[in-house]
Amino acid sequence: MDGTETRQRRPEELGLPYTLSTERLPRASEDGPLSIPESQRVTPKPLETELSKETSLSIALQVIVPFMFAGLGLSGAGILLNYFQHWPVFVEVKDLLTLVPPLVGLKGNLEMTLASRLSTAVQATVVGLLAAMAALLLGALSRGELDLAKVELLCASSVITAFLAAFALGMLMVCIVIGARKLGVNPDNIATPIAASLGDLITLSILAFFSSFFYKHKDSRYLTPLVCIGFMALTPVWVLIAKQNPPIMKILKFGWFPIILAMIISSFGGLILNKTISKEQFKGMAIFTPIICGVGGNLVAIQTSRISTYLHMWSTPGVLPLWMKKFWPNPCSTFCTSEINSMSARVLLFLVIPCHLIFLYVIYLVEGHLIPNSKTFVVFYLLAGLIQVTILLYLAEVMARLTWHQALDPDNHCIPYLTGLGDLLGTGLLALCFLISWLLRSEAELDGMLELASGPP
């Protein structure tokens, strides 16, 4: 029935509402090949009246409140990071800053994909340790040496942060999704921003608290090794319990590659943060990094979830609808058509500049003396945010089609890559903004000095 004409017709041709919901279709296995029982492969029918047709306005209204709430959380995370960077442990163990984007991204990748059960504990423990190793390796390559004395502190801090943050936010995501369904709100629009708003604050706070604790007790020779060994020893226990649930075991079997690769991509963003955060020309980098990375990650996660839900409704795994057959669509079709995915992409793109302006205003009110106070920086910052989100939204469309064609769930295979890429693009573009702003400011100051020097005696 996959190839019947009815299945391949556009929703608008069938006179059906646009609202995306998976309430009546089983979601595929989280990270393995997707499968839908034969009895459920039927032509889509009109949804319940409570799920009305989505418009640009309805999408914007559902997204804007949780997204603004998330933005305030991201602003708070930036202020916290700016505060934490001066703690002795962050000054002495620079590689902790490299850990920030991958650990925050790991939290998002596990919760945004809704793989937040016992598998989260296993993946968080292992990937947290790998993130520490990646930070150490990148730090050693950039400095030309490896400080073995700080390896244990970094690994223990990363593992315990990843585990506790993933566990707490996993529970939070379940509550959010259940509450959204009961209120008749599309979880795709609100779950990821709310989780991100609290998640960044929680993750940064846990990392700062435990790394500082381990640093203060660095003379306790066996403390950090015992923490690492203890959490790794618990991993087989989580695996044994997870075996009782086959879908969770599929996550453990097939869900490692996206999370690990996303962690590696985010680590390069962390390296950029590490190398720029303490330099005068990049003053304020710590404040803006969580914001620009979080905004891009949240928006692309929302769009990817919506595309995934759309594909689950209008096609079967491995079979793309006729109007989505092209793997590399024209960018105009991604943003400029009347289709529901294009409409949501426009809405999300239009949110970038006004929301960034609001977050900028909040930051200026709280920490205005620590960040560039120039219109040039603001213009370049807004342009960087717009470029970042435009690239991510287009890649979301491309990657969702490619993964669906391979009978894989875009939720679980696209979001980790895209959020990791969002971290790398965000930190890279942000560093470029600071550099350009500093160069222009230095040139203006130099011109002013030359004018004074060449003036009349």
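Helices here are DSSP runs of H or I with at least four residues, numbered from the N terminus. With that in hand, let's walk through this predicted model, beginning where one of those helices stops. Just after α15, Ala407 takes a positive phi of about 60°.

Now back up into α15 itself. The helix has 31 residues and reaches 45 Å from its first C-alpha to its last, close to the 45 Å expected at 1.5 Å a residue. Inside α15 sits Gly385, and its relative accessible area is 0%, so Gly385 counts as buried. What does Gly385 touch, once residues up to four places away in sequence are set aside? The answer is Ile292, Val352 and His356. Leu349 is another residue to look up from here: Gly385 and Leu349 are 36 residues apart in sequence, and their C-alpha atoms are 9.8 Å apart in space.

Further along α15 there is a charged pair. Side chains of opposite charge can pair when their charged atoms come close. Arg401 and Glu397 do this in a salt bridge, at 2.8 Å from N to O. Because the two are four residues apart in helix α15 (residues 375-405), about one helical turn separates Arg401 from Glu397. Are these two buried or exposed? Arg401 is buried, and Glu397 is buried as well.

How many salt bridges does a search of the whole structure find? It turns up two. Besides the pair in α15, Glu152 forms a salt bridge with Arg221, where the closest N and O atoms are 3.2 Å apart. Glu152 lies in helix α7 (residues 151-182) and Arg221 in the loop between α8 (187-216) and α9, so this pair ties together parts that are 69 residues apart in sequence. As for cover, Glu152 counts as partly exposed, at 29% relative accessibility.

That loop leads on to α9. Helix α9 (residues 223-242) has 20 residues and reaches 29 Å from its first C-alpha to its last, close to the 28 Å expected at 1.5 Å a residue. If you want to colour its buried positions, pick Thr224, Val227, Cys228, Phe231, Thr235, Trp238 and Ala242.

Cys228 brings up the matter of disulfides. A disulfide is a covalent bond between the sulfur atoms of two cysteines. Why does Cys228 not have such a bond with Cys155? The closest cysteine sulfur to that of Cys228 is the one in Cys155, and at 5.4 Å it is too far for a bond. The cut-off in use is 2.5 Å between cysteine sulfur atoms, and by this rule the count of disulfides comes to zero. Cys228 is buried at a relative accessible area of 14%. Cys293, at 9% relative accessibility, counts as buried too.

Next, a couple of residues with contacts or distances across the chain. Asn82 is found in helix α3 (residues 56-84) and is buried, with a relative accessible area of 10%. Leaving aside neighbours within four places in sequence, Asn82 is in contact with Ala286, Ile287, Glu367 and Leu370. Ser315 sits in a loop instead, the one between α12 (285-314) and α13 (331-335). Ser315 is buried, with a relative accessible area of 1%. From Ser315 to Trp404 is 89 residues in sequence, while their C-alpha atoms are 9.6 Å apart in space.

The tour ends at helix α17, where Ala431 has its place. At 10% relative accessibility, Ala431 counts as buried. Its C-alpha and that of Thr276 are separated by 7.3 Å, although the two residues are 155 residues apart along the chain. Which residues does Ala431 touch, not counting those up to four places away in sequence? Thr276 is one of them, together with Ile272, Phe282 and Met285.

On the surface, there is a nonpolar patch to look at. Leu432, Leu435, Trp438 and Leu439 form it, with about 330 Å² of accessible area together. One of these, Leu439, lies in helix α17 (residues 415-453). Leu439 is partly exposed, with a relative accessible area of 45%.

Conventions. Residues are numbered from 1 along each chain as its sequence is written. This is a predicted model: local features need pLDDT of at least 70, side-chain atom pairs count only at pLDDT 80 or more; totals for chains, interfaces and linings use all residues. Side-chain values use heavy atoms; hydrogens and water are left out. Patches are made of residues with over 30% relative accessible area and no salt bridge: like charges are joined within 9 Å, nonpolar side chains (Val, Leu, Ile, Met, Phe, Trp, Tyr) within 5 Å. Accessible areas come from the Shrake-Rupley method with a 1.4 Å probe; for residues, only the protein chains shown count as cover. A salt bridge is a side-chain nitrogen of Lys or Arg within 4 Å of a carboxyl oxygen of Asp or Glu. Buried means under 20% relative accessible area, exposed over 50%, partly exposed in between (1.4 Å probe, protein chains only). Contact means heavy atoms within 4.5 Å. The expected span of a helix is 1.5 Å times one less than its number of residues.
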